[in-house]
Amino acid sequence: ELQDFNKALSIAAADAINTQDFIASLLKSLGQVLGADYLLVSLVDSASTKATTHTFYSDGEIKPNFTYPLQHTPCKDALAQSFCFIPQNVQSLYPEDEMLVHEDIESYLGVVIQNMQGTSIGILTALGRKKIELKPQFQSLMKIFSERIAGEIRRADDQEKIFNLAFYDPLTLLPNRRLLR
């Protein structure tokens with residue numbers, strides 16, 4: 001268990017080459033440490049009414065992303081409280097959450113992902129078909145991973161902005177001469 005925890009920390013400390021692959025490796029190692037069946041990085045809309053998965057990891061692989069409403073979900077509580085842990089019976093607390101019911105989810109662990117200004121931009125979520133025991137290091141690991149994911153998302157956004165500034169006219173949004181060469 002300590003070995004899995006240390007491995008997860010070393011992955012979080014590594015440099016990212018590709019945002020999607022990096023976050024996927026974080027989720028895989030987090031799933032091994034927590035014993036979670038589903039791991040999601042979801043980004044919330046500006047009104048905090050719905051979230052879209054940025055990365056969805058389950059059964060050892062990345063799954064297609066999807067959008068879900070936040071109303072009547074533990075993710076809504078995670079956003080409001082910065083951290084939400086429900087070790088068991090999460091379905092009975094959120095019977096209107098379709099994914100929890102459909103996938104027979106028993107436990108929920110979610111921590112908010114914030115931008116540099118402290119605004120909540122997403123949620124790092126771990127879901128289990130069985131009870132997840134929360135150990136003190138798990139909460140710390142979730143917070144470390146959420147900060148690392150926030151930094152990686154910020155880096156990818158900055159990289160895209162730099163690319164657009166270099167190759168597109170900022171007024172017309174048309175390709176500039178560099179891109180046409």
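**Notebook: Ile86, two cysteines and the cores**

I began with one residue, and I found Ile86 in strand S5, which covers residues 83-86. I note here that the model is predicted.

Is Ile86 buried or exposed? I looked up its relative accessibility, which is 9%, so Ile86 counts as buried. I then listed what Ile86 touches, leaving out residues up to four places away in sequence. The list holds Pro74, Leu93, Tyr94, Glu106, Ser107 and Tyr108. I also looked up a distance from Ile86 to Leu134, 48 residues apart along the chain. Their C-alpha atoms are separated by 9.3 Å.

Next I looked at the chain as a whole. I counted seven helices and seven strands in the protein chain. Read along the sequence, their order is α-α-β-β-β-β-α-β-α-α-β-β-α-α. The protein chain has 181 residues, and 39% of them count as buried. I took the contacts between residues at least 6 apart in sequence, and 51% of these join residues at least 24 apart. The accessible surface of the chain is about 10200 Å², and carbon and sulfur atoms account for 53% of that.

Then I turned to the cysteines. How many disulfides does the structure hold? I found zero. Why is Cys75 not bonded to Cys84? The closest cysteine sulfur to that of Cys75 is in Cys84, 8.3 Å away, and this is too far for a bond. The cut-off for a disulfide is 2.5 Å between the sulfur atoms. From the other side, Cys84 is in no disulfide either, and its nearest cysteine sulfur is that of Cys75. I checked burial for both residues. Cys75 has 6% relative accessibility and counts as buried. Cys84 is buried too, with a relative accessible area of 7%.

My last entry is on the nonpolar cores. The largest one has 25 residues. Which residues have the most contacts inside it? They are Leu30, Leu34, Val41, Leu124 and Ile149. I wrote down the elements that give two or more residues to this core: helix H2 (19-34), strand S1 (38-44), strand S6 (107-114), strand S7 (120-128) and helix H6 (136-167). I picked Ile149 for a separate contact list, again without residues up to four places away in sequence. Ile149 touches Ile23, Leu26, Val41, Ile113 and Leu124. Another core, of 21 residues, lies apart from the largest one. Its members include Val44, Ala51, Leu127 and Cys75, the cysteine I had already noted as buried.

Terms used:
Residues are numbered from 1 along each chain as its sequence is written. This is a predicted model: local features need pLDDT of at least 70, side-chain atom pairs count only at pLDDT 80 or more; totals for chains, interfaces and linings use all residues. Side-chain values use heavy atoms; hydrogens and water are left out. Helices (H or I, at least four residues) and strands (E, at least two) are DSSP runs, numbered from the N terminus. Buried means under 20% relative accessible area, exposed over 50%, partly exposed in between (1.4 Å probe, protein chains only). Contact means heavy atoms within 4.5 Å. Accessible areas come from the Shrake-Rupley method with a 1.4 Å probe; for residues, only the protein chains shown count as cover. A nonpolar core is a set of buried Ala, Val, Leu, Ile, Met, Phe, Trp, Tyr and Cys residues joined through side-chain atoms within 4.5 Å.
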